[in-house]
Every structure is written in structure tokens, then in C-alpha cells.
Amino acid sequence: MSNSALLLLQDVLEKPELIDWEWIRENFWEDIVPAFQGHIFLSFVSVAIALVIALPVGVISARYRKVYPPVTFVTGILYSIPSLALFAILISIPGVAIGPSPVIIALVAYSLLILIRNTVAGLDSVPPETIDAARGMGLTNRQILFRVELPLALPIIVAGIRIATVTIIGIATIGAYISGGGLGALIFDGINRQFPTMIIAGAVLATALAITADLLLLGLERYLRPWARVRRT
Amino acid sequence: MLSNILEVFARPDFPEKLREHVVLSLVALLVAVAIAMPVALMIRNTRLGAAIAINIGNVGRAVPSLAILALALPLLGIGFASALVALTALAIPPILINASTGLREVNKDVIDAARGMGLSGGQILARIQLPIAAPVIFAGIRTSAVQTVASATLATFIGGGGLGDLIVEGYSERGPEILLAGAIAVAILAIITEVGFGALERAFTPKGLKIAQKRGR
Amino acid sequence: MKNRTKLIRAVPALLTGLSLLLVVACGNVGGTDSSSGGSSGPTITVGSKDFTEQFILGSMYAQALDANGFNGVAKLDLGSAPIADKALQNGQIDLYPEYTGTSLVEILPYKGNPADLNSPRATYEAAKKLYAKRSPADKMLTPAPFNNTYGIFVRSSVAEKDDLTNMDELAQDSKNLTFISFSQFQNRSDGYPNMQKNYPALDFEEIKIVNNLGLRYSGLQSGEGDVGVGFTTDGQLTSDQLVVMEDPKSIWPFYHPAPVVRSDVLKKYPKVEKVLNEVTASLGLDTMRELNGKVDLDQEDPEDVAKEYLEEKGIID
């Protein structure tokens with residue numbers, strides 16, 4: 001087992017043509033940086049839009065429980081459609097432009113399930129006694145939501161944001177297939193041109209971006225919940 | 001259009017694509033379990049080991065699927081085998097995280113009591129730690145399985161076969177039937193995986209835990 | 001608690017603000033797609049499909065337009081033919097390079113089998129007629145004088161050993177060979193079924209599906225297969241590692257490159273047709289293969305390759 005691992009390592013190291021550093025130097029500002037910017041743009045906008053939709057829907061679902069199952073059902077269905085297919089379906093809708101737009105729509109659709117689920121779970125985790133106490137203190141429902149419930153639900157909500165963000169960064173790489181831009185463009189171009197340098201550049205940067213986002217949000221999660229160990233599923 | 005989609009399922013190459021997809025997913029999952037479980041077992045009693053495993057798992061979980069599949073290309077070449085290696089790597093993190101966490105979080109008091117009763121380390125593992133951790137472990141396997149079925153769709157980009165081939169083919173077609181056929185097939189496969197492993201999870205949850213879960217403890 | 005409440009209030013405001021900022025400020029999402037000529041004059045947007053020859057042709061058209069009184073913008077790598085066509089019809093692009101045969105197979109509602117059209121002219125006329133009937137109407141301009149059709153290529157070592165020069169000989173030998181193909185080719189009437197119909201001895205030992213053109217070539221090089229299918233202008237075919245099989249029965253449809261432009265654009269700017277035709281007429285099979293090779297084998301940029309070519313031909317200076 002370790003013998004073949006050594007052979008593989010040897011093979012990899014003996015392939016200097018895997019990374020063409022000159023290409024990287026020459027095309028850094030022209031190809032690599034725009035791809036990176038584009039990826040951040042896609043991811044950020046998608047997470048933002050998803051939150052704008054998911055938070056209110058989550059709050060409503062937590063309150064009016066009957067709404068929750070159909071909401072989970074729809075967002076669950078969206079989640080199980082393979083991304084490549086969802087992109088194609090979105091493009092075929094008249095009025096949807098080719099480019100980042102269908103990618104953003106799809107990314108938003110994919111992250112709704114986890115964000116809504118975690119919003120509801122977060123709100124559910126607020127002890128009823130705390131809410132009663134707040135009501136006893138004379139706070140209105142609205143004030144309770146914003147000053148008590150949401151703050152206490154925040155750690156779980158942020159956990160959901162973390163998962164959604166990482167998922168979005170990952171699926172955004174596939175968006176390049178429909179001309180959506182981002183680091184996936186480097187990957188696909190590299191595959192098409194049989195040019196490993198581009199593949200590696202795109203793949204490594206996408207991975208680094210995802211891991212960085214994950215760690216930053218994990219830090220935020222821990223900051224918001226210093227008293228409890230963070231449980232992962 | 002429905003009949004056109006069904007026609008795609010009747011195509012002679014469809015069963016093969018389906019088989020490729022299932023084999024890719026299943027083998028990747030099994031190998032991932034074979035790698036992750038022993039690691040989780042080894043570190044179950046050490047705090048540092050568990051922390052390392054869980055952190056590696058978390059980082060691994062964030063890695064984009066396409067990135068790993070694409071990296072397999074210059075390193076391992078095109079084809080089924082490369083895709084398999086990449087998918088296996090992607091399948092490990094959820095299992096590692098859940099198995100490690102699950103085994104670590106078995107209540108210390110319970111383990112102490114068992115030790116007090118004279119049970120050996122192996123017996124404690126088999127009779128106490130594993131059964132209690134089972135639901136969490138299976139939840140991790142379930143997550144990994146569903147994720148792997150979805151990621152296997154991307155194997156098409158490195159010549160690995162699978163239902164992704166159909167979806168990519170559909171991109172060059174006038175009508176959506178081939179694309180939808182591929183998409184529906186993957187979605188159904190994902191749902192079957194989710195439901196199937198969910199049932200497995202319930203089957204392996206010890207009765208006592210099921211009752212406790214019902215009571216909401 | 002207080003800090004957290006502030007955080008709650010700040011978050012939506014921050015998110016909305018930042019996303020608005022990004023939406024407004026960032027048009028560029030990277031990738032080898034957009035480039036603007038920077039000239040003055042009416043903007044003509046040239047699209048392209050998702051492979052090397054398309055990038056080169058698209059760049060050529062955009063740069064030629066740019067040098068002739070227009071602001072030529074290139075939006076390359078949109079995707080497959082249906083996707084590029086959608087961009088054309090909804091106005092995102094004004095034209096893109098298509099192929100006569102491809103349009104009949106993948107875009108236009110052509111009733112017959114394009115492989116049955118027995119001349120490049122007939123293929124072009126059929127496509128042109130159908131394009132004109134669309135809404136919005138399109139015009140397929142004069143095609144280039146070469147055919148970028150399917151090429152069945154064999155690894156040189158295998159071709160030498162088994163003495164294979166044409167499809168007939170290949171079919172006889174196919175029992176011992178592995179064929180690397182792609183899904184569309186296997187399932188389309190003008191693809192593999194067409195091959196089998198015309199060369200019935202065809203019976204490959206194994207057929208592997210690799211949907212990416214570049215990877216099919218890689219696969220052949222690494223020995224994953226002995227025979228592959230690509231296109232006759234592929235740059236990789238300049239290599240002596242591969243031999244293209246001759247097709248004595250001429251079984252494939254004709255795929256001559258021809259730009260497809262929306263008719264309303266031509267009506268507004270009739271000069272566009274002349275500029276594009278000049279570029280198209282200058283091309284040839286060997287030239288195209290060479291240009292493709294510069295991108296795929298030498299890793300040059302399609303835009304640079306296009307520019308060099310146009311300068312060489314005197315179309316731009």
C-alpha cells in the first residue's frame with residue numbers, strides 16, 4: 001500500500017510539466033484574478049439573496065408550523081436536482097440570460113433548504129421559559145423576535161450559513177459550464193485544452209476559498225456560542 | 001414529453017450508465033467507510049486524536065467536488081478509476097466526522113460503569129460505544145452516500161461515466177428529454193439512497209435509544 | 001446580548017448593501033469569455049460555442065469588426081449550440097460561428113437526415129432557408145470552404161501495425177480495438193449508427209464514453225483506447241501520433257463553418273456581412289488545424305492566435 005503511494009508521489013513530483021509557472025505569471029491578472037473575483041461575486045450574491053428569502057420564510061415556518069412541511073418538501077426537491085440539470089432547466093426558461101444569472105438562481109435554490117431548516121431549528125432551540133419571561137417583561141412579539149429569539153438562534157443559523165456558503169462555493173465551480181464564470185472556468189478550460197496548470201489553479205483556489213470561508217464562519221459560530229461545544233453533523 | 005423521457009430510459013446504453021453511476025457511488029462509499037471507521041475507532045479514546053480527525057473531516061467537507069475530480073485528471077488520468085478515487089476521497093469526511101464525534105460522545109459515566117463491571121476495552125466498544133454511537137455513525141454514512149450519488153454526476157467531466165454523461169449529452173440537444181431523463185434518474189437515485197440509508201439508520205438504532213429519542217431526551 | 005442584537009440588525013443591512021454594491025460594480029465574472037474591442041462605433045457582440053475552434057473564429061470575427069468601424073465585443077465560450085443559439089435569439093449576442101450541418105442537427109427543425117444531403121451547397125441552402133424562417137429571423141452567411149466533420153483517428157502505432165488507412169479497413173479490424181467515443185455521437189443518427197450502417201463490419205471490442213474532446217485525445221495518448229472520434233480540424237491531428245481514417249463512402253454530413261447573424265442586425269449594419277465574409281473566405285482546413293493546434297498544443301491564447309492570423313492576412317493591421 002505504501003509502496004504504490006510512494007510510486008504515485010514519485011510520479012507526481014517527476015512531472016514538472018504539471019504546473020507551468022510561467023503561464024501563471026503571464027495570465028495571473030488576465031485569467032486567474034477575474035475568475036477568483038467572479039467566484040466570490042457568485043457566492044456572495046447567492047448567499048445574500050438566499051438569506052433574504054430564507055430568514056423570513058424560516059421565521060414564518062417556525063411560527064406557523066403547517067407551512068413547514070411543504071416548504072421543506074419544495075426546497076428538498078430543489079436540493080436533489082443535480083446542479084448540471086438545474087442549470088440547463090433554468091437556461092431553457094425564456095428571459096433567463098446566459099451567464100451568471102441562472103447560476104445565482106440555482107445556487108440560491110440549493111441553499112434554501114439548509115438555511116430554512118437551521119433558522120427553524122435555531123428558533124426552536126430557544127427555551128420557552130425565556131420567551132415567557134420576555135413577554136412577562138412587556139416586550140411585543142416583534143421585539144421578542146428581534147431581541148430575544150433571533151439572537152439566541154444565531155449560532156445555529158450561522159451554522160446553516162456556513163454549510164450553505166461552502167455548498168454554494170462548491171457548486172459555483174460547476175456554473176462555469178454554462179458560462180457563469182468563476183474558478184470553474186479555469187478548471188473546464190484546463191480540461192478542454194488538456195492543460196493541467198489551469199485545472200490545478202482553478203481547483204486549488206476553489207478549495208482554498210471554500211476552506212477559508214468555512215473556517216471564518218466557524219470562527220464566527222464559536223464566537224457566538226462560547227459556552228457550548230460546537231456539534232457537527 | 002413524458003413519453004420521450006421514458007424512451008431515453010429504454011435506450012440500450014441507459015442501464016449501463018445507471019450501473020456505472022451506482023457502482024461508482026457504492027464502491028466509493030464502501031471504501032470510504034473502510035478507511036474512516038478504523039480511524040474513528042483508533043482515536044475514540046484520545047481527545048487529541050479525535051480533535052485532529054474531526055478538524056480534518058471538517059476541512060475535507062468544504063472541498064468542492066469538482067475540484068477533487070478535476071485534480072484527479074492530471075494526477076491519475078481519465079476514466080472510471082480516477083473518478084472512483086476522487087469520489088472516495090470526497091466520501092470520507094462526513095463519515096469520519098460523525099463516527100469520531102459519535103464514539104467520543106458516549107457518556108463517560110456509562111463507560112466507567114461498564115469498566116467497573118469488569119468489561120474489557122473490546123467489550124466496551126462492541127457492546128456499549130458502538131451501539132450508542134450507531135445512529136450518529138449511520139447518519140454520517142447516509143449523508144456521505146447521498147452526497148456521493150450527487151457528486152458522481154460530475155464524473156462525466158473526467159470520462160468516468162455515469163448518469164452525468166446523459167445530462168451533458170442533453171446539453172447539446174434541441175429538446176430537454178435526454179437531459180431531464182438523466183436528471184430524474186439521479187434525483188430518484190438520491191432519494192432512494194436517502195430513504196434506504198435512513199431505514200438502515202433506524203434499524204441500527206438500539207431500542208433503548210429509540211425510546212429515549214421518542215421521549216425527547 | 002446587546003452586541004448580539006446589534007449584530008442581528010447590522011447583518012441584513014450589510015448584506016443588502018454589499019450585494020447591491022457587487023451587482024452594480026462587478027460585471028466581470030472571469031473566465032475566458034468577455035473582451036471588448038474598445039473602439040467607437042456601434043457595438044456588435046460576437047458569441048461562440050465552447051471549444052477551441054469556436055474561440056478562434058469568434059475572436060476573429062470580433063476583431064475584424066472592431067477594425068472596420070464597429071465596436072467588436074467577444075463573448076466566447078457560451079456553451080453548446082442550443083445555448084449559443086438561445087443567446088443569439090434573445091439578443092445577448094448578435095452573431096456566432098455555427099456549422100451548416102450542426103445547425104440542421106442541433107438547432108433547426110430539419111425533417112430529414114442531414115447525412116443524406118449530398119453536397120456542401122445543399123446543406124448550406126437547407127440551413128439558410130430554415131434560419132430565415134425563424135422569429136427573430138437569422139441569416140447564415142457564406143460558409144468557409146472547408147469541412148470540419150467527424151474524424152475517426154487511430155493511434156499511429158496501431159494503424160501501422162494493422163495497416164489501417166480507411167474506415168473499411170478499420171471496420172474489419174475493429175474486433176480487437178477499443179473505441180473512445182462520446183454520448184451524442186453514439187446516439188445521434190448522423191454519428192455512430194451512421195458509421196455502422198455504412199461500414200457494417202464495425203464491431204469494436206469495447207466502446208468507452210468520454211464526453212470531452214480534449215480528454216478523448218488524452219485517452220488515446222495514454223492508451224485507454226486505440227481509436228477515437230474527434231473533428232477533422234482538431235489541432236491534435238497535426239501530431240504524427242494519430243492517423244485520421246479516410247472515409248471513401250463520405251458518410252458524414254457537411255459541417256462548414258458559417259457565421260449566423262440576426263437579420264435585424266444585418267439590416268441595420270449591412271457592412272457587417274462584408275466584413276464577416278472576408279474572414280470566412282480566407283480560411284482553409286490546414287490553416288484551421290494549425291490555428292487550433294496553437295491553442296490546444298502550444299497553449300497560446302485564442303485571441304492572440306486570431307489576431308496574428310488576421311494581421312498576416314491583412315484583414316486587420
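# A guided tour of three chains

Start with helix α2(C): 15 of its 15 residues are buried, so this helix is largely enclosed by the rest of the structure. Keep in mind as you click around that this is a predicted model.

**Stop 1: the span of a helix.** Stay in chain C and select residues 52-66, which make up helix α2. How far apart should its ends be? At 1.5 Å a residue, the 15 residues of α2 in chain C should span 21 Å, and the end C-alpha atoms are indeed 21 Å apart, which agrees.

**Stop 2: a sheet in chain C.** Next, show the strands β8, β7, β9, β6 and β10 of chain C; in that order, these five strands form an open sheet with mixed pairing. Which strands stand at the edges? They are β8 (206-209) and β10 of chain C, and each has a single partner strand, so one side of each is left without a neighbour in the sheet. On average, neighbouring strands here are turned by 30° against each other, ignoring direction.

Zoom in on residues 178-181 of chain C, strand β7, which pairs with β8(C) in the parallel sense over four bridges. Select S181(C) and you will find I209(C) of β8(C) standing opposite.

Now add residues 213-221 of chain C, helix α10, which packs on the sheet. Helix α10 of chain C touches β6 (150-155), β7, β9 (227-231) and β10 of chain C, and its direction makes about 150° with that of β9(C).

**Stop 3: a loop residue.** Select S250(C), in the loop between β10 (242-244) and β11 (257-262) of chain C. Is S250(C) buried or exposed? With 12 C-beta neighbours inside 10 Å, S250(C) counts as exposed. Then pick P109(C) as well: the two residues are 141 residues apart along the chain, and their C-alpha atoms are separated by 24 Å.

**Stop 4: where chains B and C touch.** Show both chains together; 16 residues from chain B and 19 residues from chain C take part in the contact. On the chain B side there are five nonpolar, six polar and five charged residues.

**Stop 5: two helices in chain A.** Finally, select α3 (residues 68-80) and α5 (residues 100-124) of chain A, whose axes come within 7 Å and cross at roughly 145°. The crossing of α3(A) and α5(A) is left-handed. Try highlighting the residues that meet: among them are V71(A), L78(A) and Y79(A) in α3(A), and L112(A), I116(A) and R117(A) in α5(A). By class, this contact of α3(A) with α5(A) has ten nonpolar, three polar and one charged residues.

Notes: Residues are numbered from 1 along each chain as its sequence is written. Chains are lettered from A and ligands numbered from 1 in the order in which they are written. This is a predicted model: local features need pLDDT of at least 70, side-chain atom pairs count only at pLDDT 80 or more; totals for chains, interfaces and linings use all residues. The expected span of a helix is 1.5 Å times one less than its number of residues. A residue is buried if 20 or more other C-beta atoms lie within 10 Å of its own, exposed if 12 or fewer, and partly exposed in between; C-beta atoms are placed from the backbone. Two residues are in contact if their C-beta atoms, placed from the backbone, lie within 7 Å. Ala, Val, Leu, Ile, Met, Phe, Trp, Tyr, Cys and Pro count as nonpolar, Asp, Glu, Lys and Arg as charged, and the others, Gly among them, as polar. Axes are lines fitted to C-alpha atoms, for helices over the stretch in contact, and angles run from 0 to 180 degrees between N-to-C directions. A crossing is left-handed if the near helix is turned anticlockwise from the far one by less than a right angle, and right-handed if clockwise. Two strands pair if DSSP finds at least two bridges between them.
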